[in-house]
Amino acid sequence: KSGSIVNIGSIWGETGGSCEVHYSAAKAGVNPPLGISLAGHGVENAKTRLSTENWDELNLCCTALSDGEDVALLFTLDCSCIAEHIAAPMLKLLEENFGIPTKNVILQATHTHAGPTMYSRHEIFPKVAEYLDTVVHPALIKVTDEALKDLAPAEEAWPCGICRQFMAEFSPNGDLLVITGNARRPNIYPLSMLLPYSFNGNDLY
């Protein structure tokens, strides 16, 4: 509500300095071999619509978070989506190599239509199986290993753009105060500074 204070630091477990969240990120290129089926054109068309050249780099990104005891991993892969039968081996690799349980992992796609077909329910298209085994799975191990080795204390936690907009809609006067940082070094910002020129509750009808 108007005039309220939102403590973003508490989301990171920083209330009272009870724990310190560690953060790291890593990424690796995952460009597929030429001739792989491309997504975004329907299952049938994907079998004949094949890549002929690489224009931009496709990436697999990993964000690692730890409270000192548990580790959570967020992966973003440049593809249209990740079917369950494609995600399952990836989750198994993480558990076998790093001991990270499935419940602590999020696999998400950027939904690009300029990447390989990864969404067929029951089959893996030609070259996609090879792509997964020789490119994606090694990249998954690489970025996870790098992220876990580089975990460091998170100095400041910030609400994402969507969260800032959500808070703005419940703060008609834009005077909501947001606390970032941690228990040792809190920082306070007005929401109007974090999201200038946004629409708020006064603009909703």
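A residue is called buried when its relative accessible area is under 20%, exposed when that area is over 50%, and partly exposed in between (1.4 Å probe, protein chains only). By this yardstick, buried residues account for 38% of the 205 residues in the protein chain. The structure is a predicted model, in which local features need pLDDT of at least 70 and side-chain atom pairs count only at pLDDT 80 or more, while totals for chains, interfaces and linings use all residues. Residues are numbered from 1 along each chain as its sequence is written, and side-chain values use heavy atoms, with hydrogens and water left out.

The overall layout comes first. The protein chain has five helices and eight strands; these are DSSP runs numbered from the N terminus, with helices (H or I) of at least four residues and strands (E) of at least two. Read from the N terminus, the order of the elements is β-β-α-β-β-α-β-α-β-α-β-β-α. Contacts, meaning heavy atoms within 4.5 Å, often link distant parts of the sequence: among those between residues at least 6 apart, 73% join residues at least 24 apart. The accessible surface of the protein chain comes to about 11600 Å², and 56% of this belongs to carbon and sulfur atoms; such areas come from the Shrake-Rupley method with a 1.4 Å probe, and for residues only the protein chains shown count as cover.

Next come the strands. Five of them form an open sheet in the order E5-E4-E3-E2-E6, with mixed pairing. Two strands are taken to pair if DSSP finds at least two bridges between them. The edges of this sheet are E5 and strand E6 (152-153), each of which pairs on one side only. E4 and E5 run in the parallel sense and are joined over five bridges, and Leu-77 stands opposite Ala-109 in E5.

Strand E4 (residues 71-77) also holds Phe-75. With 0% relative accessibility, Phe-75 counts as buried. Beyond residues up to four places away in sequence, Phe-75 touches a long list of partners, including Leu-60, Cys-62, Leu-94, Val-105, Leu-107, Leu-140 and Thr-144. Phe-75 and Ala-64 are 11 residues apart in sequence, and their C-alpha atoms are 8.8 Å apart in space. Thr-144, one of the partners of Phe-75, is found in helix H3 and is likewise buried, at 0% relative accessibility. Leaving aside neighbours within four places in sequence, Thr-144 is in contact with Cys-62, Leu-73, Phe-75, Leu-94 and Phe-98.

Helix H2 offers a neat example of a two-sided helix. The 15 residues of H2 (residues 84-98) should span 21 Å at 1.5 Å a residue, and the end C-alpha atoms are indeed 21 Å apart; the expected span is 1.5 Å times one less than the number of residues. Within H2, Ile-86, Ala-87, Met-90, Leu-91 and Leu-94 are buried. These residues lie on the same side of H2 because they cover an arc of only 130 degrees around the axis, the arc being that of the directions from the helix axis to the C-beta atoms. An α-helix has 3.6 residues a turn, so residues three or four places apart point the same way. On the other side of H2, Lys-92 and Glu-96 are exposed. The buried residues of H2 pack against E4, strand E5 (105-109) and helix H3 (128-149). Just after H2, Gly-99 takes a positive phi of about 70 degrees.

Two loop residues complete this part of the picture. His-111 sits in the loop between E5 and H3 and is exposed, with a relative accessible area of 51%. Phi of His-111 is near 65 degrees, a positive value in a residue other than glycine. Asn-31 lies in the loop between strand E2 (22-29) and helix H1 (43-46) and is partly exposed, at 23% relative accessible area. Among the residues that Asn-31 touches are Asn-54, Asp-56, Tyr-131 and Val-135. Asn-31 and Asn-54 are 23 residues apart in sequence, yet 7.6 Å apart in space, C-alpha to C-alpha.

Finally, a search of the whole structure finds zero disulfides, a disulfide being a pair of cysteine sulfur atoms within 2.5 Å. Cys-79 is in no disulfide, and the nearest cysteine sulfur, in Cys-81, is 6.7 Å away. That distance of 6.7 Å is too far for a bond. Cys-79 is buried, at 1% relative accessibility, whereas Cys-81 is partly exposed, at 29%.
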